[in-house]
Structure formats: C-alpha cells, structure tokens
Amino acid sequence: MNDEIDGKSLDVKAQKLEQLKEIFPEFFSEGKLDLASVKQILGDDELVKQDHYELSWAGKAEARREIQKRTTATLIPDKEGSINFDGSGNIFIEGENLEVLRTLQKAYFGRVQMIYIDPPYNTGSDSFIYPDDYSERKDEYERRAGQKNGGGFLNKLDLFKKNTKENGQYHSVWLSMMYPRLYLARNLLRKEGVIFVSCDDNEVDNLRLLMNEIFGEDNFVAQMVWEGANKNDARQIGICHEYVLVFARSRTDVPPSWSIAKEGVEPILREARKLRKQFGDDFDSASAALAAWYRANKASPSFMNRRFRFIDKTGVYKEDDPTAPGGRKFDLINPRTGEVIPLRPNRGWGFDQETFNKMVDEGRITFITDTSIMVRRYLHETDRLTPQSVFYQPARSASERLGRLLEAALFDFPKDERIIRQFIDMATDVNDEDCIVMDFFAGSGTTAQAVMDLNRDDGGRRTFLCVQMPEKTSEDSEAFKQGFKTISEVCKKRISTIVNQHLESANGKLEYDRDAPAPGFRSFILNYSNFKQWNAEVIDKDELLKQLEDFKEPLFKKPEDSLDLLTELLLKSGIPLATQTEQRTTSDGVPYYLVEGHLIYALDGLSDQLLKDIETTMPTMFVTLGNLFTGEKADETMTNWRLQLHEAGIDFTLI
C-alpha cells in the first residue's frame, strides 16, 4: 500500500520497467533503460531482427498507447441496486470495460484466478467501442465530438458503433479493441490464473496470434471446440461450432491436471445427504427413497447415474462386477471362510488378494454368497473426469432456461451457464477462499450465475467480478418492451433473480446445507473522480489560478454518502472493493471508517476525540480531507495532527 494516493490508475509502463529493473538492473543507467547495455549484455542473437514474425495491423501502435493511458475515474457504490451490499464479495460494475479495467489495476493486480469473456465476434453486425481516426489527437477528438462531461471524464459510450465488413480496417478495428483489454486483463490474473475467450471463425486466427503476443505462446493451454446445434442455413457447410481459447498467466504455475464434475452428480449427493439426515443408519430405507427420487427425476441429467442407487455410511454406491477383461488371474480367497471365489471365464480380478482383504474390512465388498461377490463403486470417487477439447451443448437450451428465469426472452443467444460453470470448475479450487472469477463482457450475466450455482452445489466461496457497459437495447427488442433500457439492466436483473433464489435456499425454503455467507452482490457505476485535483487540466495561467481557488474545496460536490469517497480512495490505494469495512462513530458523533482493521478514513469531520480513537486503534495509516481542518488555526491543527500521528507510527495522508 502506498503512503500517497495520486488519484490515477496504475502506470503500466512504469510497473513493467520496475519489473525489468528488478530482473536486469544492469539494463538501466541513471534510471533510464539503456538499449546499448541490453545489446552488449544479451548479444545480437537475442534481439529481434528488423524482419521478424509478428501480428501487425493498422492502428497497433495506437492500441499499445491505449495500454499506457491512465485514468482518474472511480466507481460509485449503487446500494439500491445491490443485494446484501455490506456482506457480499460479489461485484457488478456498470461501465465501459476498458476504463473499468484501468480503474481496477491497482486494487486487483494479480488477484484474479480466472477470466471468462464472450467479446463481440466481429461478424459484421457487431457494435463496440473503437476510435474513428488513429492519427487524430485524443484532445482534438474530444473537443470536436463534445465527448467530455463536466468532470472531464471521457464519455466513451459515444464511441460505440457498428464495425461493418465494408470498413477498410475491419479486422484492425477489432484487434485494436481487443488488444488493450486483454493486456490489462492479464495484469489482473494471478500467476496461476487462466483466461477463457469465446470466439468464432471470423477472428479465431487473429485472436490466437494476439493472445500469443500478450500471454506468450508457451502459455497457450487449449483451443476448445464448442459444438452447438446443426444448421442448414449455409450454402456450402453449416457451421455448428465456435471456439474457446484458453491461455494461462504462467502455465508452469497452473496445476498439471484439471477435472470437471460429471453432469447430474451433485444433485444426487445432495439428495443422499438429506436422506442420511432423515433415515440415519437405516440404509435400506434411505436407498429405497433414493431409488424413488431417481424415478421422479427421469428428465434430469442425474437419471443417467441411476445405477448408483444404494446408500451406506461411506456414501452413494452401485454394485459392480469385480472382474474385468485382462485382469489378474489367481485363486481369490474369501478371508472370512477360506473358500476360493471362482473366476468367470475370460475375466480377471480387478485387485490382488491384499487389496481385496482390505476392501472386505472396509465394507466395500458385498457377499451375495460365500463364493459370489460384488464390489461397491462410490459415486463421490468417480464423480469427476478430464475435460475434453471438443464438447457439445446446444445453444437453444441456454436461451430457453434464461427465458424461464427472467419470464421473458430478454437476451438473444446467451452463453450457456452450465458450460461456463464447467470452465470455472476446472480452473478454480473449491477450497480457495480468495478465488475471483471475472467477466468484463458480462452480457446477460451468465458467468455470475455460473459462479453462484457452482458455489451452491460444491460449497465453494468463489466470488464474481462482472463488468457490463450500459449498451442501449434495441427499441424493437423484447427487453426494451419490458422496460429494460440497457443490457446492463438485463444483466443485473438476472443476477438479482439468481441471488434471490439462493437466498430462499439459505433461508430453508430450499436445501442450502453449507456454512457460507448469504448470497448477494455489490453494484457499482463507473464515474469521474469525486476530487477536483484528480481531474485537473491546466491550460493557461488564468486557468491555473482558477483551479487553485477551486481546490480550496476539493470535491466537485458533496456526495450523498461518504461511501462514494471511501470507495474511490480504496481503489486508488490498491484495496479491493469487497474489503471488510467497518463504520464507526466517536463518542462526540464524528463518523469514520476502519478498513481491514488497520486503515482509518475520516471523510465527514474531525475532532479531538477522533484523534484519541485513532491513537487507541493504532492503524498503519490515517486518511482525511484537507478541507476538514477549518478555522484560523487550520494549518497549525493539521501540523499537530501530522506530528502526533507520526510519533505514534501512523502515516498521515491528506487529500
């Protein structure tokens, strides 16, 4: 955590130079990168030749400069649009995703375990944000287009437009849109983190090359093929699949093997746990009830596992053949009677005598007679499998489920939450309590639902961080007719609906048998900074004098809730949005915030009692607003606070 808050997002260029300096200090002279030293130390063979293999497009240099741009934007809490705001770790952000990614760089750098995105496929009818003219200066464009609001924040929604195939830079425009977003997204991943990106034939080749450049070819994991429904609308070949590219932040740090849960298994295990509570050690009654449950759920994926219809103290099991072709051929002895258990022709035992004896002791062998046996195969030991690069899931089913969930067809072609759930399952650890799953093209909120559903079923504590721009819905769409003016409103509706369903589960109306925080999410809206000095644009002497006068009052306006100011200061101090924050009040009525148990923010007032409370709490830092020191002796009082806190070992930061 920095002692000073500069109000801007992470300086990506400076951060990369610091990383390089840490590894190769000899590359630097007087604080600057010395290319001559790089060449001398590494030699010509390690440097890229003038003619070399690379992905290039019109506007790439400008796209790279986008990465280096910093923002003073902030996120404003939307408590009314949230559920369980103070208790939930889930985050939904409404705003243009490139600016949001910049805003999150300090607070979420290296914290995200997994990213899934479903960006525009560049089909010729997609709309997304991109600049008109890469040679035009940013300030010139802004003045020409009138795209700055009163706070000086670029209103990028005005850049939202369709990229048609008639555009001379059709592919270049899409690549320039994707490049800075993927680059900044990589910064947010943990070293063991991974990213999944959906795409189709329009840009899959370019996307693979682009991600090779950003993530490195060695960090490529897989190019998965997602088969949907057969199509008969093409003249030559009906395209019935799309792709998911998977890259790691550092593949050497990713677990060597992944697995996913078999479909339909978790509901069976959940039902079995309920039956064990109901019937105790009456396993016959519990097994009979489980068999009846299967019959009542013939249409569900669980029915495929109906052979696992018995319950004992270990779990749910099926009776299985203990032999296999090519197994061991020997005289298997019943350890209880000493009799030989005969082997069927052309078969062999699936274990040796020692293992068999142990299985008998553990109750994993069912004796039909003294010389006839079955082995118990437990569902929880065979409930996972290795994910495959080609899989099938019809697109229509996701649309139908979302339509039923929202009681209207509000979103065209949503991604399937069951597939996204599998991606999350394979790339995250159920025991990881700090696991963040991000989606900055959130769309209808598929990723958010997948995270919550998976947590409900496997007991995980993953949280989602979803970003969706307030893209306007078409006036002829069902969403617009239902009162949803933007895609982000549809997304929040879906998230809220799922949260409320899970809250019902947590309250006992449905089964929700795990010890976990109540479901919910915190909603935020991208906006310009609350502080004038972080939006300053000095033009001339008169403007400078005006700004100095303005800065006597540091805020554009007094926010309705000081939580707005706190959120901005936390983000710009590198503290995540879901950090534990406690609002306290001194004995003389001055409110303040205690953050992470060791940071104090006072944004509404000061008093002698507050100073005493700070010294009692002993935080590492105290942050406040300069204009809270008032009166003729304001400067003297401020100096006394600074000295007194310094003597106590507490950093004093003034905004």
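# Exercises on a predicted model

Met621 and Val623 point to one side of strand S28 (residues 621-624), Phe622 and Thr624 point to the other, and all are buried. Buried means under 20% relative accessible area, exposed over 50%, and partly exposed in between, with a 1.4 Å probe and protein chains only. Helices (H or I, at least four residues) and strands (E, at least two) are DSSP runs numbered from the N terminus.

The model is predicted: local features need pLDDT of at least 70, side-chain atom pairs count only at pLDDT 80 or more, and totals for chains, interfaces and linings use all residues. Residues are numbered from 1 along each chain as its sequence is written, and side-chain values use heavy atoms, with hydrogens and water left out.

## Exercise 1. The sheet around S28

Find the strands that pair with S28 and trace the chain between them.

Step 1. Two strands pair if DSSP finds at least two bridges between them. Strand S27 (residues 599-602) pairs with S28 in the parallel sense over 4 bridges. Phe622 in S28 is the bridge partner of Ile600. From S27 the chain passes through helix H18 (residues 608-617) to S28, a right-handed β-α-β crossover. Right-handed means that, with the strands pointing away from the viewer, the path from the first strand over the helix to the second runs clockwise.

Step 2. S28 also pairs with strand S29 (residues 651-654), in the parallel sense over 4 bridges. Phe622 has Phe652 as its bridge partner in S29. The chain goes from S28 through helix H19 (residues 634-647) to S29, and this β-α-β crossover is right-handed.

Step 3. Place these strands in their sheet. The sheet is open, has 5 strands in the order S25-S26-S27-S28-S29, and its pairing is mixed. Strand S25 (581-585) and S29 are the edge strands; each has a single partner strand, so one side of each is left without a neighbour in the sheet. Neighbouring strands are turned by 20° against each other on average, direction ignored.

Step 4. Add a helix. Helix H17 (residues 563-572) packs on the sheet and touches S25, S26, S27 and S28, and its direction makes about 30° with that of S26. Axes are lines fitted to C-alpha atoms, for helices over the stretch in contact, and angles run from 0 to 180 degrees between N-to-C directions. H19 lies across S28 and S29 and runs at about 150° to S29.

## Exercise 2. The two sides of H18

Which residues of H18 are buried, and which exposed residues does the face turned away from them carry?

Step 1. The buried residues of H18 are Leu610, Leu611, Asp613 and Ile614. They cover an arc of only 160° around the axis, so they lie on the same side of H18. The arc is that of the directions from the helix axis to the C-beta atoms.

Step 2. Asp608 and Thr616 are exposed, on the face turned away from the buried side of H18.

Step 3. Contact means heavy atoms within 4.5 Å. The buried residues of H18 pack against strand S26 (591-595), S27, S28 and H19. Just after H18, Met618 takes a positive phi of about 55°.

## Exercise 3. The sheet that holds S3

Which strands stand at the edges of the sheet of 10 strands?

Step 1. The strand order is S3-S24-S4-S23-S22-S5-S8-S10-S9-S21, in an open sheet with mixed pairing. S3 and strand S21 (390-392) stand at the edges, each with a single partner strand, so one side of each is left without a neighbour in the sheet.

Step 2. Strand S3 (residues 74-77) pairs with strand S24 (residues 522-527) in the antiparallel sense over 4 bridges, and Leu75 stands opposite Leu526 in S24. Thr74 and Ile76 point one way from S3, Leu75 and Pro77 the other way, and all are buried.

Step 3. Strand S8 (residues 189-199) and strand S10 (residues 241-248) pair in the antiparallel sense over 6 bridges. Cys199 stands opposite Tyr243 in S10.

## Exercise 4. The cores

Which residues of the largest nonpolar core touch the most other members?

Step 1. A nonpolar core is a set of buried Ala, Val, Leu, Ile, Met, Phe, Trp, Tyr and Cys residues joined through side-chain atoms within 4.5 Å.

Step 2. The largest has 72 residues, of which Ile93, Leu104, Leu182 and Tyr601 touch the most other members. Helix H6 (residues 170-188) gives the most to this core, 10 residues.

Step 3. A second, separate core has 44 residues, including Ala248, Cys466, Phe484 and Ile498.
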